[in-house]
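Colleague: I am new to this structure and would like to learn how to read it. Could you take me through it feature by feature?

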Amino acid sequence: LVKIYQQEGPAVASGGTLDAATFEYILKAVSFLSLAEGMDMVIPTAKIFTPATQTVLQLGQAAIRPFQVNAFSTEGLLLGLLAEDKSVAAQVLATAGVTLAAVQTLTEKVLGLRQSTEIAAGHKPYAPRAKLVIELALEQIEQTNQNGQNNQTYLEPEHLLLGILKEAEQGGGVATHILETNLGIDLIQLEQQLRQAMAA
């Protein structure tokens, strides 16, 4: 792609196939993805996650493994929350009618990947979207602490769900696409229900 654009330049753009701005956007996106894959975030799980949240991540990794994807992203986080099924987040999702079976089926449909019987072992690296969700979840804890509502230091499963819902405001990943588009969930209402459950 680089060689073609360098050789053809304006001719390519004038053909309506690829202008300079689009080309630069593609290059930045590819560079970012390559950098993210090469510098996978090592998350100090014991330092920032409760045991319940660590369980969610482990179950999410196990749930996404059959799909043969290269990275652990928002759909893995959502599957983990549903598989754990005991947390406040899982209960709020269940009340909204979101089930593990439905999300597994929709994940397969949205990703265009079939589940494989040959399951690859090992931990999948965190995709940029999953990292963003964790970052947003940590921001939610910080905001709550600043408002004097709590003195939370560890990230609970419900904070992960908050992170997923906040990530929707920045374009959204597969998880929010499944919730909103495929299951018809009102994300704003779901966030309100989650916050009420957290405050109870």
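Modeller: What follows goes from the whole chain to single helices and then to single residues.

Modeller: The model is a predicted one.

Colleague: How many helices and strands are there in the chain?

Modeller: The chain has 12 helices and zero strands. Read along the sequence, the pattern is α-α-α-α-α-α-α-α-α-α-α-α.

Colleague: What do the totals for the chain look like?

Modeller: The chain has 200 residues, and 39% of them count as buried. About 11,100 Å² is exposed, with 53% of that supplied by carbon and sulfur atoms. Among contacts with a separation of 6 or more, 71% join residues 24 or more positions apart.

Colleague: What is the mean pLDDT of the chain?

Modeller: The mean is 79, and 67% of the residues reach 70 or more. Over residues 32-41 the pLDDT is below 50, although this stretch has 11 contacts in the model beyond near neighbours in sequence. Where pLDDT is low, the predicted coordinates should not be read in detail.

Colleague: How do I read the sides of a helix?

Modeller: An α-helix has 3.6 residues a turn, so residues three or four places apart point the same way. Take helix 5, residues 51-64. Its buried residues are T53, V56, L57, G60, Q61, A63 and I64. Seen down the axis of helix 5, these fall within an arc of 165°, so they line one face of the helix. The face turned away from the buried side carries the exposed residues P51 and Q58.

Colleague: What covers the buried residues of helix 5?

Modeller: The cover includes helix 6, helix 8 and helix 10, the last of these being residues 157-167.

Colleague: What span should helix 5 have, at 1.5 Å a residue?

Modeller: The 14 residues of helix 5 should span 20 Å, and the end C-alpha atoms are 20 Å apart, which agrees.

Colleague: Can we try the same reading on another helix?

Modeller: Helix 12 serves. With 13 residues, helix 12 should span 18 Å at 1.5 Å a residue, and its end C-alpha atoms are 18 Å apart, in agreement. L187, L190, E191 and L194 are its buried residues. They cover an arc of only 100° around the axis, so they sit on the same side of helix 12. The face turned away from that buried side carries the exposed residues I188, Q196 and A199.

Colleague: Which helices do the buried residues of helix 12 pack against?

Modeller: They pack against helix 7 (88-95), helix 10 and helix 11 (174-182).

Colleague: Why does E191 count as buried?

Modeller: The cut-off for buried is under 20% relative accessible area. E191 has 13%, so E191 counts as buried. Not counting residues up to four places away in sequence, E191 touches L162, L165 and K166.

Colleague: Where does L79 lie, and is this residue buried or exposed?

Modeller: L79 lies in helix 6 and is buried, with a relative accessible area of 0%. Leaving aside neighbours within four places in sequence, L79 is in contact with A63, I64, F67, L100, V103, Q104 and T107. Two of these names, A63 and I64, appeared above in the list of buried residues of helix 5. As for distance, L79 and A90 are 11 residues apart in sequence and 9.9 Å apart in space, C-alpha to C-alpha.

Colleague: How do I read aromatic rings?

Modeller: A pair of aromatic rings is described by the distance of the centres and the angle of the planes. Here the count comes to one aromatic pair. The ring centres of F72 and Y126 are 5.5 Å apart and the planes are at 90°, so the pair is edge-to-face. F72 lies in the loop between helix 5 and helix 6 (74-84), and Y126 in the loop between helix 8 (100-111) and helix 9 (128-146), so the pair ties together parts that are 54 residues apart in sequence.

Colleague: Are F72 and Y126 buried or exposed?

Modeller: F72 counts as buried at 0% relative accessibility. Y126 is buried too, with a relative accessible area of 6%.

Colleague: What is the phi of D85?

Modeller: Phi of D85 is near 55°, a positive value in a residue other than glycine. D85 has its place in the loop between helix 6 and helix 7. At 47% relative accessibility, D85 counts as partly exposed.

Methods: Residues are numbered from 1 along each chain as its sequence is written. This is a predicted model: local features need pLDDT of at least 70, side-chain atom pairs count only at pLDDT 80 or more; totals for chains, interfaces and linings use all residues. Side-chain values use heavy atoms; hydrogens and water are left out. Buried means under 20% relative accessible area, exposed over 50%, partly exposed in between (1.4 Å probe, protein chains only). Contact means heavy atoms within 4.5 Å. Rings of Phe, Tyr and Trp (its six-membered ring) pair if their centres lie within 6.5 Å; planes under 30 degrees apart count as stacked, over 60 as edge-to-face and the rest as tilted. Helices (H or I, at least four residues) and strands (E, at least two) are DSSP runs, numbered from the N terminus. pLDDT is the predictor's confidence in each residue, from 0 to 100. The expected span of a helix is 1.5 Å times one less than its number of residues. The arc is that of the directions from the helix axis to the C-beta atoms. Accessible areas come from the Shrake-Rupley method with a 1.4 Å probe; for residues, only the protein chains shown count as cover.
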